[in-house]
There are 2 protein chains.
Amino acid sequence: MKAFVTGAAGFIASNLVDRLLAAGHEVTGFDNFSTGQREFLAGACAHPGFRLIEGDLLDAAAVQRAIGGCDTVFHLAANADVRFGPDHPRRDLEQNTIATSNVLEAMRAGGARRIAFSSTGSVYGEAEVFPTPETAPFPIQTSLYGASKVGAEGMISAYAAAFGFQTFIFRFVSILGERYTHGHVLDFYRQLRQHPEYLDVLGNGHQRKSYLYVQDCINAILLAIGRCTSPVNIFNLGAGEYCEVNDSIGWITKALGLAPELRYAGGERGWIGDSPFIFLDCARMRALGWKPELTIEQGIIRTLEYLRQNPWVLEKR
Amino acid sequence: MKAFVTGAAGFIASNLVDRLLAAGHEVTGFDNFSTGQREFLAGACAHPGFRLIEGDLLDAAAVQRAIGGCDTVFHLAANADVRFGPDHPRRDLEQNTIATSNVLEAMRAGGARRIAFSSTGSVYGEAEVFPTPETAPFPIQTSLYGASKVGAEGMISAYAAAFGFQTFIFRFVSILGERYTHGHVLDFYRQLRQHPEYLDVLGNGHQRKSYLYVQDCINAILLAIGRCTSPVNIFNLGAGEYCEVNDSIGWITKALGLAPELRYAGGERGWIGDSPFIFLDCARMRALGWKPELTIEQGIIRTLEYLRQNPWVLEKR
């Protein structure tokens, strides 16, 4: 495969790049380094099968130049700051929806016809069915992030109908593991390094979320694109379980040997548009023979270990 | 109400403008006249409560200047050429999704907090449930048009959550009636004026579609915004029936006294991304006391009469 990976220097994408290279594929990585980390591509850059192109997905001509010769696109670049959508109402539209249009148009011009896209469980808004299947009732979007991803998903499916693309849409829960650069584990660890005696928690701590370890996520993506032949393939990707924020706090503080005072902001949501319960039905992906190797607790501990060994990540952004 | 109507010179919007003015509201119409017709606003322009601003929704600053002082936005401007999406893959994104973002941002800046949006039954893709309710299973988009509208819908709902907007999303079937400027009735009538002896028909004629008369559509919009108090209100709008393209051909040719040879292009779809069956469940709207006054047949005949009396419409576009 000649792969094109957007957001290549990001958390999930850089792990995917390493996996693709290890499997013998040629990989072109594309990143604007707005949030990506050059350190994450250090191994890839030493590999002869890897080519790095620095550029912005909003520069349609640059994407088109970069994508030439590739057959499969892993479009993982995104604005992933779900929480701060209302502070920058155009950012999700630009970096998620418009950027996806540029990727699709570059593929059309360059002859690439297969795309795997990192969507999100946030497209279900505040779901009413749990675990939530891919065929849940038509959701009402509650975040600009979810809205921008559902718009991108729609274009990707429409390109399958209009231009014969083969498309894979993966709706992720929060992903954990090595190279994790944002999210609650980092927030909590950063706080506890600064003030081990207390921890500020968004919401009431009873928000129920599901997580998935990054290598389990990548296993699923690679399995699906190797197996499926339909024009449009949509998969939820998450653990077969969920936990409360309070469970996560328990595992993290135990691993650190701390007993901080927990200071809850209150309310059942962590922020505007936060869904108080995310738990995806992944039966469709499991039917292909996939299952996660790490539990949520193991994923959180693995992430914490990574952050302890790489404190420079805490200083970023 | 101080209303702001986008695409004011269009088919549905110009009818809405007349209704709003007749009800005593102040109306600012905004249109770039790319497809809108000045003739449709002739009556409105003679009314003291009407103000026309010529501008483009992709010019965010112009929208922001124009919207000042308005409290309720009827966002009806759109690229409505469902069929030609693949010829211009960016057009739906720009004119439907990005334009909607500009409208929402202008509202946020200008203090308008209520928006009614013309979405489409096309957001259901190829539905599997008929009649299709608003809560149908999460659809797979089959057209760039549907994708661009589902992206816009998502942003609108997210603005309700993030910024306290009250939002109305109306998913229309095809609308019929006075000032109709594109669609199958116009195509058929135009053909039959040129060559009464035959009629070229897309697909196999068995495509099943639902339609709604424009004043019935406007009745529903005005009823809903007067009654509903929820932040997000989503309504299908269509007739309680559907017809085959062949039924429509029968009504039109009978009214014209013609018996053309029917030349079918074949296939169950009229074009790429065309849904062979559109029939929306409008029980939610009917529960407010609304029902259509015209049948589909009456709506088609009314449209045909309009076109016969206004042949200049056939020469446009």
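Start by selecting residues 72-75 and 114-120 of chain B: these are strands S4 and S5, and they pair in the parallel sense over four bridges. Keep in mind as you click around that this is a predicted model. Now show the side chains of B:His75 and its opposite number in S5(B), B:Phe117.

Next, widen the selection to the whole sheet. Chain B has an open sheet of seven strands here, paired in parallel, and you can walk across it in the order S3-S2-S1-S4-S5-S6-S11. Which strands stand at the edges? Pick residues 50-54 (S3) and 232-237 (S11) of chain B: each has a single partner strand, so one side of each is left without a neighbour in the sheet. Look for the twist too: ignoring direction, neighbouring strands are turned by 15° against each other on average.

Hop over to chain A and select helix H3, residues 60-67, then color its buried residues, A:Val63, A:Ala66 and A:Ile67. Now look down the axis of H3(A): those buried residues fall within an arc of 90°, so they line one face of the helix. The reason is in helix geometry: with 3.6 residues a turn, residues three or four places apart point the same way in an α-helix.

What covers that buried set in H3(A)? Among the elements to switch on are strands S1 (2-6), S2 (26-31) and S3 (50-54), plus helix H4 (91-110), of chain A. Before leaving, click on A:Gly69, which follows H3(A) and has a positive phi, near 90°.

Finally, zoom out to both chains. A turn of 180° with a shift of 0.0 Å along the axis lays chain A on chain B with an RMSD of 0.0 Å. The two copies are thus related as by a two-fold rotation axis. Both copies use the same surface, with 100% of the contact residues of chain A recurring in chain B.

Key: Residues numbered from 1 in each chain as written. Chains lettered and ligands numbered in written order. Predicted model: local features only at pLDDT ≥ 70, side-chain atom pairs only at ≥ 80, totals over all residues. Least-squares fit on C-alpha atoms with pLDDT ≥ 70 in both. Contact = placed C-beta atoms within 7 Å. Buried ≥ 20, exposed ≤ 12 C-beta atoms within 10 Å, placed from the backbone. Helix = DSSP H or I, 4+ residues; strand = E, 2+ residues; numbered from the N terminus. Arc of directions from axis to C-beta. Pairing = 2+ DSSP bridges. Axes fitted to C-alpha atoms, helices over the stretch in contact; angles between N-to-C directions.
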